[in-house]
Amino acid sequence: MARTITAELFASLDLVVEAPETWHFPWVGEEMLAEVAREQGEASALLLGRRTYEVFADSWPNRGDEVPLARRLNAMPKLVVSSTLDSPTWRNTEVTGFDELAAHKASGEGRITVAGSIRLVEALIAGGLLDELRLLTHPVVLGQGRRLFDTYDGPRADLELVESRMLERGVQLTVHRPTARP
């Protein structure tokens, strides 16, 4: 059985997914933290684009092991899709090309989780490599910032809604999986 690739993104109502660290904290609650921790805890590897990797690598290694998510992220294997990153500094990090992701997906079991990495998520959908898209939609309209699918130029991708539930503070969790066209 091959690995699966799951992406989890924080989004505003107008689907801004860029830089959630600058806007999403007022809506973070215990349920959201538990959901993110569960997703990361079940993952066998973390998949990141270069920009998200740089943000994460600048932050998570500086948090101590007393922060459970920091302990998990720092220890787990990380794959970074990049043609410009030469020497990753965050431990357990491997740089790979997009063309090698299918081989990574086929080479083991478990789930590879994508955090952030908007362009990478769009490329995974276009390439038919994404198995699940999890959106945590926050009750805010930002009006500016990169929106999910702003620059998507891949083929049509039909997704099935397989889960939808309200978390505290008005955050909606939706889970979508690729499906055959109706």
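## A guided tour from helix H1 to the hairpin of S7 and S8

Begin by selecting Glu-35, which is found in helix H1, the helix made of residues 30–42. Keep in mind throughout the tour that what you have open is a predicted model. Is Glu-35 buried or exposed? At a relative accessibility of 4%, Glu-35 counts as buried, because the cut-off for that word is under 20%. Now show what surrounds this side chain: leaving out residues up to four places away in sequence, Glu-35 touches Glu-8, Arg-134, Arg-165 and Leu-173. If you also mark Ile-112, which is 77 residues away from Glu-35 along the chain, you will find that the C-alpha atoms of these two residues are separated by 16 Å.

Two of the names just met lead to the next stop. Arg-165, a contact of Glu-35, stands opposite Leu-173 in strand S8. Select strand S7, residues 159–166, together with strand S8, residues 172–178, and you will see that they pair in the antiparallel sense over 7 bridges. The hairpin that they form has 5 residues between the strands, and in it Arg-169 takes a positive phi near 65 degrees.

Next, colour residues 3–173, the range that the unreviewed UniProt entry annotates as "domain: Bacterial bifunctional deaminase-reductase C-terminal". This span is 27% helix and 26% strand, and the C-alpha atoms at its two ends lie 23 Å apart.

Move on to helix H2, residues 50–59, and pick out its buried residues, which are Thr-52, Tyr-53, Phe-56 and Ala-57. They lie on the same side of H2, because they cover an arc of only 130 degrees around the axis. Turn the view to the face that points away from this buried side, and you will find the exposed residues Arg-51 and Asp-58. What do the buried residues of H2 pack against? They pack against strand S2 (43–49), strand S3 (78–81), strand S4 and strand S5 (111–115).

Strand S4, residues 93–96, holds the next residue to select, Thr-93. With a relative accessible area of 16%, Thr-93 is buried. A polar atom of its side chain lies 2.7 Å from the backbone oxygen of Trp-90, and, not counting residues up to four places away in sequence, Thr-93 touches Tyr-53, Lys-78, Val-80 and Pro-88.

Now look at the interior. In soluble globular proteins, nonpolar side chains tend to be buried together. The largest nonpolar core here has 22 residues, and those with the most contacts inside it are Ile-5, Leu-47, Val-114, Val-121, Leu-124, Leu-130 and Leu-133. Strand S1 (4–11), S2, S3, S5, helix H5 (118–126) and strand S6 (132–137) each supply at least two residues of this core, and H5 gives the most, with 5 residues. Apart from this core lies another one, of 14 residues, among them Leu-46, Trp-60, Trp-90 and Ala-115.

To see how the strands and helix H5 meet, centre on Val-114, which, leaving aside neighbours within four places in sequence, is in contact with residues including Ile-5, Leu-47, Val-121 and Leu-124.

Finish with H5, whose buried residues are Ile-118, Leu-120, Val-121, Glu-122, Leu-124 and Ile-125. What covers these buried residues includes S1, S2, S3, helix H4 (101–106), S5 and S6. Just after H5, select Gly-128, which takes a positive phi of about 70 degrees.

Definitions and conventions:
Residues are numbered from 1 along each chain as its sequence is written. This is a predicted model: local features need pLDDT of at least 70, side-chain atom pairs count only at pLDDT 80 or more; totals for chains, interfaces and linings use all residues. Side-chain values use heavy atoms; hydrogens and water are left out. Two strands pair if DSSP finds at least two bridges between them. Helices (H or I, at least four residues) and strands (E, at least two) are DSSP runs, numbered from the N terminus. Buried means under 20% relative accessible area, exposed over 50%, partly exposed in between (1.4 Å probe, protein chains only). A polar contact is a pair of N or O atoms within 3.5 Å; within protein, one must be able to donate a hydrogen and the other to accept it, and residues adjacent in sequence count only if both atoms are side-chain atoms. Contact means heavy atoms within 4.5 Å. UniProt positions are given in the numbering used here, feature names are shortened, and annotations may be inferred rather than shown by experiment. The arc is that of the directions from the helix axis to the C-beta atoms. A nonpolar core is a set of buried Ala, Val, Leu, Ile, Met, Phe, Trp, Tyr and Cys residues joined through side-chain atoms within 4.5 Å.
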